[in-house]
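Student: I am new to this structure and would be grateful for a close look at a single part of it, the nonpolar interior. Please describe it in one connected account.

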Amino acid sequence: MASAARIGLLALLWGSTFLWIKISLRGFTAVQVTFLRMVIGAAFLLVVLWILRRRRMAPRSLPWRHILVSAALANAIPYLLFTMAENEIGSSSAGVINASTPMWTLLAAWTFDRGQRDDHVRQTPGLVIGFLGCVLIFSPWKEDSDLMSWGGLECLIGAMFLGVSYVYMSRFLTNRGISPLVLSAGQLSAASLLLAPALVVEGAPLLEPRADAVIALAILGLFGTGAAYILNYRIISDDGTVKASMVTYLLPVVSIILGTAALGERPTPAMLMGVVTVLAGVALTRRNDDKTRRYLGKVRS
């Protein structure tokens, strides 16, 4: 139950990021939004670390090489791609495309994590059903589909990077005795450094400090980035890579609801049918996993 609650909360935090990105772009460029959300998120986590004084590992002893790679795979590259995409497509569409992440995670886990292939096979039916739900939501067969655009392609590539990042983080960063808070602070700090050169290349375009854009960017950095990443690492540690990536199947539900309420993006009947299918896929994956746990418990007893 605690695991389901964490996944639900993370889906709410990350699902709302597409709305906050869209509003932030009213006053900032895509590079500025991505860089500043990393800086705000990292600063927030570093302050929390300072308050709690949780230093389970000294900074020099942290696996910075792996943290840098994870920062590129999970933050700098995909977040920039998602933000650039929302210059062209709606927040709901971006959230739906991002829901392909579990399929990329499954492919990466199947390739690199051979020791848990039986677990991945058991989760495949739920993943496939969830993916079909995302297809229904997005309806790529329509001529005006956002998928057939540069913005859709940018989101799809970003989802691929995210999928690989789950497997990489599980293999090289989690279960090493490092607290999720320390890992999250280190990774977001590394992502900020990786994105800094992009600001130099872009130059210094004039900012339009609109109140709504500034507030949205602050929420995006504090909650959609900083707080969300603590939950993300905790879920990876407790439930595994594929289960952690399943949270992205819930993002279309959140992004559609918020896009409709705040931006006037109207869902189609296919989208609503897709939402139900997505939830069914998530429920099936969790049900299969619960059965596996009960079976293993009987065997061990």
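**The nonpolar core and its surroundings**

Tutor: The largest nonpolar core holds 48 residues, and those that touch the most other members are L10, W14, C155, M169, Y229 and V247. Two or more residues of this core come from each of helix 1 (2-15), helix 3 (30-52), helix 4 (64-85), helix 5 (91-98), helix 8 (150-172), helix 9 (180-202), helix 10 (211-239) and helix 12 (247-263). Apart from this core lies another one of eight residues, including F28, A30, V33 and A213. Please bear in mind that the model is predicted.

One may begin with V247. Leaving out residues up to four places away in sequence, V247 touches I7, L10, A11, W14 and Y166. Two of these partners, L10 and W14, are also listed with V247 among the residues that touch the most other core members.

The account now turns to helix 9, where Q187 has its place. The relative accessible area of Q187 is 0%, and therefore this residue is buried, the cut-off for that term being under 20%. Beyond its neighbours within four places in sequence, Q187 is in contact with I67, S70, A71, A74, N75, M169, L173, Y229 and Y233. Of these partners, M169 and Y229 have already been named among the core residues that touch the most other members.

A191 is likewise found in helix 9. Its relative accessibility is 0%, so A191 counts as buried. With residues up to four places away in sequence set aside, A191 touches M38, A71, N75 and A76. A71 and N75 thus appear beside A191, and both are also contacts of Q187. A191 further illustrates how sequence and space can part company: A191 and L68 are separated by 123 residues in sequence, yet their C-alpha atoms lie 7.3 Å apart.

These local details may be set against the whole chain. The protein chain has 13 helices and zero strands, and its pattern along the sequence is accordingly written α-α-α-α-α-α-α-α-α-α-α-α-α. Of its 301 residues, 51% are buried. Where contacts join residues at least 6 apart in sequence, 91% of them link residues at least 24 apart. As for the outside, the protein chain exposes about 14,000 Å², of which carbon and sulfur atoms supply 67%.

Key: Residues numbered from 1 in each chain as written. Predicted model: local features only at pLDDT ≥ 70, side-chain atom pairs only at ≥ 80, totals over all residues. Heavy atoms only, no water. Core = buried A, V, L, I, M, F, W, Y, C linked by side-chain atoms within 4.5 Å. Buried < 20%, exposed > 50% of the residue type's maximum accessible area, 1.4 Å probe, protein only. Helix = DSSP H or I, 4+ residues; strand = E, 2+ residues; numbered from the N terminus. Contact = heavy atoms within 4.5 Å. Areas by Shrake-Rupley, 256 points an atom, 1.4 Å probe, with all protein chains shown as cover.
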